[in-house]
Amino acid sequence: MKLEQIRHIGVVGGGVMGGGIAQVHAAGGYRVTIRDISEQIIEDTRQSIVEGKWGVKRAVEKGKMGFDAALQVIDLVGYTTKVEDLADCDLIIEAVPENLELKQKVFEELDKVVKPEAIFTSNTSGIVIQEIAALVSDQRKEQFVGMHFSNPVPVMSMCEVITTPQSSQETIDAVVGVATAAKRAICMVKDTPGTRGFILNRVFAAAAREARKIVEDGIATPEDVDKAMITGRNWPAGFFGARGGIGKQW
Ligand SMILES: NC(=O)c1ccc[n+]([C@@H]2O[C@H](COP(=O)([O-])OP(=O)(O)OC[C@H]3O[C@@H](n4cnc5c(N)ncnc54)[C@H](O)[C@@H]3O)[C@@H](O)[C@H]2O)c1
């Protein structure tokens with residue numbers, strides 16, 4: 001599937017990440033359908049996109065988004081509990097809980113329901129993409145990449161695009177194009193069996209390990225480690241609970 005053929009995006013899982021992912025792609029001009037498993041959850045997702053802390057109403061009030069752009073998002077995002085409503089999607093972004101078996105099952109079902117030429121992506125924080133794609137057809141494996149967003153998605157623009165040896169160049173180009181339309185900062189990463197996490201979470205985990213070691217070795221207090229990172233590197237939050245600026249930018 002080429003970028004210009006993509007019109008309709010299916011977001012599977014409307015939780016913390018799914019709502020924000022739907023919001024930025026509707027802002028990027030795409031029709032988006034969010035699928036979750038209960039009417040109550042999708043109503044909560046709708047509320048968070050419209051009225052939530054990172055939602056469009058507040059974005060307009062804060063001068064982050066124009067009124068027409070907010071209406072566009074509200075208009076372009078649809079909600080469903082039926083997987084069949086994703087059948088004509090051109091691109092799927094999966095954001096169900098971080099559990100390999102669940103993700104495999106979700107994609108196995110989507111592979112049967114969604115049209116064969118559609119691209120599949122996962123917002124996993126760190127599971128190997130080839131493992132998530134294990135139960136889809138060989139053709140779909142060529143149309144499969146990772147798309148890892150950061151929370152809260154409307155504020156944090158990062159999108160890691162994780163490519164497997166099977167991912168076709170056409171698929172990669174299309175996903176990069178869609179993410180660019182959604183104003184994402186794209187970071188390309190190779191899927192690597194035997195590892196966990198891509199760029200963001202691997203680097204963060206290494207820093208967190210080092211911070212813990214400094215405290216365990218009695219070299220500095222947790223408060224001073226956090227203070228060093230927040231005031232010396234402008235990190236939005238420390239490892240031990242101190243917060244810098246996150247939440248104040250919006
Ligand atoms: N929360 C974060 O900060 C963050 C950041 C980056 C990536 N992620 C990744 O994003 C994914 C989702 O995380 P989250 O924090 O949004 O989780 P969440 O629990 O807030 O949302 C997951 C949603 O998926 C729904 N769901 C479960 N099974 C489903 C199914 N079969 N079909 C459709 N929907 C289903 C749940 O009802 C829930 O609403 C995970 O893989 C996570 O690792 C999370």
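**Exercise 1. In which helix is Q130 found?**

Q130 is found in helix α6; helices are DSSP runs of H or I with at least four residues, strands are E runs of at least two, and both are numbered from the N terminus. Before going on, note that this is a predicted model, where local features need pLDDT of at least 70, side-chain atom pairs count only at pLDDT 80 or more, and totals for chains, interfaces and linings use all residues. Residues are numbered from 1 along each chain as its sequence is written.

**Exercise 2. Work out the surroundings of Q130.**

Step 1: Q130 has 18 other C-beta atoms within 10 Å, so it is partly exposed (20 or more would be buried, 12 or fewer exposed, with C-beta atoms placed from the backbone).

Step 2: beyond its neighbours within four places in sequence, Q130 is in contact with T164, D191 and P193 (C-beta atoms, placed from the backbone, within 7 Å).

Step 3: D191 lies 61 residues from Q130 in sequence, yet their C-alpha atoms are 7.4 Å apart.

**Exercise 3. Check the length of α5 and find its buried face.**

Step 1: the 14 residues of α5 (residues 100-113) should span 20 Å at 1.5 Å a residue, and the end C-alpha atoms agree, being 20 Å apart (the expected span is 1.5 Å times one less than the number of residues).

Step 2: K103, V106, F107, L110 and D111 are its buried residues. They fall within an arc of 140° seen down the axis, so they line one face of α5 (the arc is that of directions from the helix axis to the C-beta atoms).

Step 3: on the other side of α5, E101 and K112 are exposed.

Terms used: Two residues are in contact if their C-beta atoms, placed from the backbone, lie within 7 Å.
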